[in-house]
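Here is a friendly walk through one model, in questions and answers. Take a look at it first, and then we can reason through it together.

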Amino acid sequence: MARVAASRRSFLGRSYNLVGVVAALVILAWTLIAIFAPYITPHSIGDIVDEDYFGPMRQGLWLGSDYLGRDMLSRVLMGARYTVGISLAAVAIACFCGVVLGMIAAVTGGWLDTCLSRFLDAMNSIPSKLFGLVVVAAVGSSIPALIMTLAVIYIPGAYRFARALAVNINSMDFMTVARVRGESTAYLIGSEILPNIIRPVLADFGLRFVFIVLLLSGLSFLGLGLQPPLADWGALVRENIGGLPFAAPAVIVPSLAIASLTISVNLLIDNLPQKIRDRDA
């Protein structure tokens with residue numbers, strides 16, 4: 001207990017977990033970098049600025065150079081824009097569609113609930129990486145195609161999570177009272193169910209963001225993500241994998257960037273107040 005208490009700090013009368021604060025700051029930093037990347041990159045991502053390949057860290061090339069002699073700092077900063085942007089757009093679409101469908105199924109029930117659940121269960125049974133590989137190989141790896149593919153993969157999971165929460169709320173007395181009053185389905189979903197499940201849904205949003213970042217990085221590492229000259233962090237690891245025997249920063253730094261973002265999101269979710277993480281709070 002003393003160790004737990006020592007890990008918390010008080011500010012304006014509220015207690016904050018130090019690990020969660022640090023994780024939130026890392027996430028905020030990567031978000032700001034993703035937004036302002038075009039304005040803070042020291043070089044164009046395509047400019048060859050080093051006569052050597054896999055150059056070391058030094059003044060002017062703070063993260064070394066890649067396999068063509070391009071500035072890795074600039075490429076990592078711009079890679080954040082694609083990794084964070086694509087993943088955030090995909091998880092927003094997946095969670096919005098999954099949560100809305102889950103609440104509709106829970107409130108309506110009957111054949112609609114059965115059909116939606118069976119169809120999305122079938123979708124969920126397909127391995128995510130296999131589905132992503134097939135779809136991206138078929139339709140191409142443009143940014144819109146990647147966003148929609150990643151969103152479709154994670155809609156079934158968001159649906160099952162939201163439906164499980166909504167079914168519990170739907171069985172409560174205040175829902176029966178609202179039905180007796182003659183409230184519409186839209187009112188029941190928007191005013192009765194959604195406010196009572198929004199906190200665990202936001203925690204689930206963060207977890208699915210991590211899954212999508214890792215899946216996007218995996219697809220890019222296999223060559224089915226963003227195509228040159230664009231590159232997210234997974235593509236940066238793939239194109240500089242030849243520098244691994246030399247411990248080149250060009251292959252290590254993008255890997256650390258992926259790890260720092262995903263671990264920070266997990267730590268932030270783990271250290272959220274219990275009333276936010278618990279579904280029945």
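Before we start, helices here are DSSP runs of type H or I with at least four residues, numbered from the N terminus. Please keep in mind that this is a predicted model.

Q: In which loop is Asp-52 found?
A: Asp-52 is partly exposed, because its relative accessible area is 41%. Leaving aside neighbours within four places in sequence, Asp-52 is in contact with Ser-65 and Gly-69. Its place is the loop between H2 and H3.

Q: How far apart are the C-alpha atoms of Asp-52 and Leu-120?
A: Along the chain, Asp-52 and Leu-120 are 68 residues apart. In space, their C-alpha atoms are separated by 51 Å.

Q: In the protein chain, where is confidence lowest, and where is it highest?
A: The average pLDDT of the protein chain is 85, and 91% of the residues score at least 70. Over residues 1-6 the pLDDT is below 50, and this stretch has 0 contacts in the model beyond near neighbours in sequence. Confidence is lowest in helix H1 (residues 2-6), at a mean of 44, and highest in H3, at 93.

Q: How many disulfides does a search of the whole structure find?
A: A disulfide needs two cysteine sulfur atoms within 2.5 Å. The cysteine sulfur closest to that of Cys-97 is in Cys-95, 9.7 Å away, so this pair is too far apart for a bond. For Cys-115 the closest cysteine sulfur is in Cys-97, at 18 Å, which is also too far for a bond. The search finds 0 disulfides.

Q: Is Cys-115 buried, partly exposed or exposed?
A: The limits that matter are under 20% relative accessible area for buried and over 50% for exposed. Cys-97, at 27% relative accessibility, counts as partly exposed. Cys-115 has a relative accessible area of 45%, so the class for Cys-115 is partly exposed.

Q: How much of residues 18-40 is helix?
A: An unreviewed UniProt entry places the feature "transmembrane region" at several spans, including residues 18-40 and 205-226. For residues 205-226, the chain is 77% helix and 0% strand, with end C-alpha atoms 24 Å apart. For residues 18-40, the end C-alpha atoms are 29 Å apart, strand makes up 0%, and helix makes up 100%.

Q: How far apart are the end C-alpha atoms of residues 80-269?
A: The unreviewed UniProt entry annotates residues 80-269 as "domain: ABC transmembrane type-1". This span is 83% helix and 0% strand. Its end C-alpha atoms lie 21 Å apart.

Q: Which backbone oxygen does the side chain of Ser-87 reach?
A: Ser-87 sits in helix H3 (residues 72-108), and at 0% relative accessibility it counts as buried. Not counting neighbours within four places in sequence, Ser-87 is in contact with Tyr-82, Phe-209, Ile-212, Val-213 and Leu-216. At 2.7 Å, its side chain reaches the backbone oxygen of Thr-83.

Q: Which residues does Asp-204 touch, not counting those up to four places away in sequence?
A: Asp-204 lies in helix H8 (residues 185-221) and counts as buried, because its relative accessibility is 10%. Its C-alpha atom is separated by 16 Å from that of Leu-214, 10 residues apart along the chain. The residues it touches are Ala-158 and Phe-161.

Q: How many residues apart in sequence are the parts tied together by Trp-30 and Trp-233?
A: The structure holds 4 aromatic pairs. Among them, Trp-30 and Trp-233 form an edge-to-face pair, 4.7 Å centre to centre with 65° between the planes. Trp-30 is buried, and so is Trp-233. Trp-30 lies in helix H2 (residues 18-40) and Trp-233 in helix H9 (residues 233-239), so the parts tied together are 203 residues apart.

Q: Why is the pair of Phe-54 and Phe-246 described as tilted?
A: Planes under 30 degrees apart count as stacked and over 60 as edge-to-face, with the rest tilted. The ring centres of Phe-54 and Phe-246 are 6.5 Å apart and their planes are at 35°, so the pair is tilted.

Q: Is Phe-246 buried or exposed?
A: Tyr-53, Phe-54 and Phe-246 form one aromatic cluster. Phe-54 counts as buried, because its relative accessibility is 16%. Phe-246 has a relative accessible area of 58%, so Phe-246 is exposed.

Note on methods: Residues are numbered from 1 along each chain as its sequence is written. This is a predicted model: local features need pLDDT of at least 70, side-chain atom pairs count only at pLDDT 80 or more; totals for chains, interfaces and linings use all residues. Side-chain values use heavy atoms; hydrogens and water are left out. Buried means under 20% relative accessible area, exposed over 50%, partly exposed in between (1.4 Å probe, protein chains only). UniProt positions are given in the numbering used here, feature names are shortened, and annotations may be inferred rather than shown by experiment. Helices (H or I, at least four residues) and strands (E, at least two) are DSSP runs, numbered from the N terminus. A polar contact is a pair of N or O atoms within 3.5 Å; within protein, one must be able to donate a hydrogen and the other to accept it, and residues adjacent in sequence count only if both atoms are side-chain atoms. Contact means heavy atoms within 4.5 Å. Rings of Phe, Tyr and Trp (its six-membered ring) pair if their centres lie within 6.5 Å; planes under 30 degrees apart count as stacked, over 60 as edge-to-face and the rest as tilted. pLDDT is the predictor's confidence in each residue, from 0 to 100.
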